[in-house]
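Please look over the chain shown below before reading on. The text then goes through its elements, its charged pairs, its disulfide and its core.

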Amino acid sequence: VGSDRCVPLFTRTCRFDLQPNRFGILGQFGPERKLQLQTYNVSSLIGWDGRVTPNASIELEVYVSNESHALATFEYTKDNNKLGLTFVVPPPAGGWRAHTWQPLVLPIRDRHYSFPRLTPWDNMDRLELYYAHPHQQQQRGDYVRIRNVYLRSSTQAPSSETARYTPCHDLAPVDHAPARRPSEQLAASAAAS
């Protein structure tokens, strides 16, 4: 755990009300959106091949109001469906439970990457979430909440032994780059000189 590196993408609690739509779009973080990610630059966790190193995972906590409309897809990409990571979110051990915070650890595998070497890991500002079983006539009232979303690089592979596993939100953030975009960083350094 001492050499684990965690970069917070979003730590506050965010609620997404399910809206009728055929794609199951739950919500988006990103440019020109109300919700912004906490960190844009995750390049400190990226290796020569454009992949997170080593033993990478996404960690988050999910709360659902209805088990049949849980978080289904996690898309952390620069552009829609490309340049980053996309996951089909598996249910937690024991299945989804309504009105309970459920921690998830999503190990990052090669199949989750889309063009990793071309991905601008120093300017990742987009996250899109989808819910399960969407319908055009979706009744209102159901929702999904998320919090404590982290990108993690660990010296140990993710395991099911939770007794020795410490979630990122319980660790002090390491290698945390500022949330500013590269253009903002240039402007700040120019103003300082």
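What follows is an account of this model, from the overall layout to single residues.

The model is predicted, so local features need pLDDT of at least 70 and side-chain atom pairs count only at pLDDT 80 or more, while totals for chains, interfaces and linings use all residues. Residues are numbered from 1 along each chain as its sequence is written, and side-chain values use heavy atoms, with hydrogens and water left out.

The protein chain has ten strands and one helix; helices (H or I, at least four residues) and strands (E, at least two) are DSSP runs, numbered from the N terminus. Read from the N terminus, the order is β-β-β-β-β-β-β-β-β-β-α. Of the 193 residues in the protein chain, 46% are buried. Here buried stands for under 20% relative accessible area, exposed for over 50%, and partly exposed for what lies in between (1.4 Å probe, protein chains only). The accessible surface of the protein chain is about 10100 Å², and carbon and sulfur atoms account for 50% of that; the areas come from the Shrake-Rupley method with a 1.4 Å probe, and for residues only the protein chains shown count as cover. Contacts (heavy atoms within 4.5 Å) are mostly between distant positions: among those between residues at least 6 apart in sequence, 82% join residues at least 24 apart.

Strand 9 is a useful place to start. Five of its five residues are buried. Leu127, Leu129 and Tyr131 point one way from the strand, whereas Glu128 and Tyr130 point the other way. Which strands does strand 9 run antiparallel to? One is strand 3 (residues 25-29), joined to strand 9 by four bridges, and another is strand 5, also joined to strand 9 by four bridges. Two strands are taken to pair if DSSP finds at least two bridges between them. On the strand 3 side, glycine 27 stands opposite leucine 129. On the strand 5 side, threonine 73 has tyrosine 130 as its bridge partner.

Charged pairs come next. Side chains of opposite charge can pair when their charged atoms come close. The structure holds eight salt bridges, each defined as a side-chain nitrogen of Lys or Arg within 4 Å of a carboxyl oxygen of Asp or Glu. One of them joins glutamate 61 and arginine 147, with the closest N and O atoms 3.1 Å apart. Glutamate 61 lies in strand 4 (residues 56-64) and arginine 147 in strand 10 (residues 143-153), so this pair ties together parts that are 86 residues apart in sequence. Glutamate 61 is buried at a relative accessible area of 10%, whereas arginine 147 is partly exposed at 23%.

Arginine 126 takes part in a salt bridge with glutamate 75, at 2.8 Å from N to O. This pair also links distant parts of the chain, 51 residues apart: arginine 126 is in the loop between strand 8 (113-114) and strand 9 (127-131), and glutamate 75 is in strand 5 (residues 71-79). How buried are the two partners? Arginine 126 has a relative accessible area of 13%, and glutamate 75 has one of 2%. Arginine 126 forms a salt bridge with glutamate 128 as well, with the closest N and O atoms 2.4 Å apart. Glutamate 128, like arginine 126, is buried. Elsewhere, salt bridges that share partners join Asp4, Glu59 and Arg152 into one network.

A disulfide is a covalent bond between the sulfur atoms of two cysteines. With the cut-off set at sulfur atoms within 2.5 Å, the count is one disulfide. Cysteine 6 and cysteine 168 form this link, their sulfur atoms lying 2.1 Å apart. The link is left-handed, with -70° about the S-S bond. Cysteine 6 is in strand 1 (residues 5-10) and cysteine 168 in the loop between strand 10 and helix 1 (182-192), 162 residues apart. Both cysteines are buried.

The last topic is the interior. In soluble globular proteins, nonpolar side chains tend to be buried together. A nonpolar core is here a set of buried Ala, Val, Leu, Ile, Met, Phe, Trp, Tyr and Cys residues joined through side-chain atoms within 4.5 Å. The largest such core has 40 residues, of which Phe29, Leu60, Phe74, Tyr76 and Ile146 touch the most other members. Strand 4 gives the largest share of this core, five residues. Leaving aside residues up to four places away in sequence, phenylalanine 74 touches ten residues, among them Ile58, Leu60, Leu127, Leu129 and Val149.
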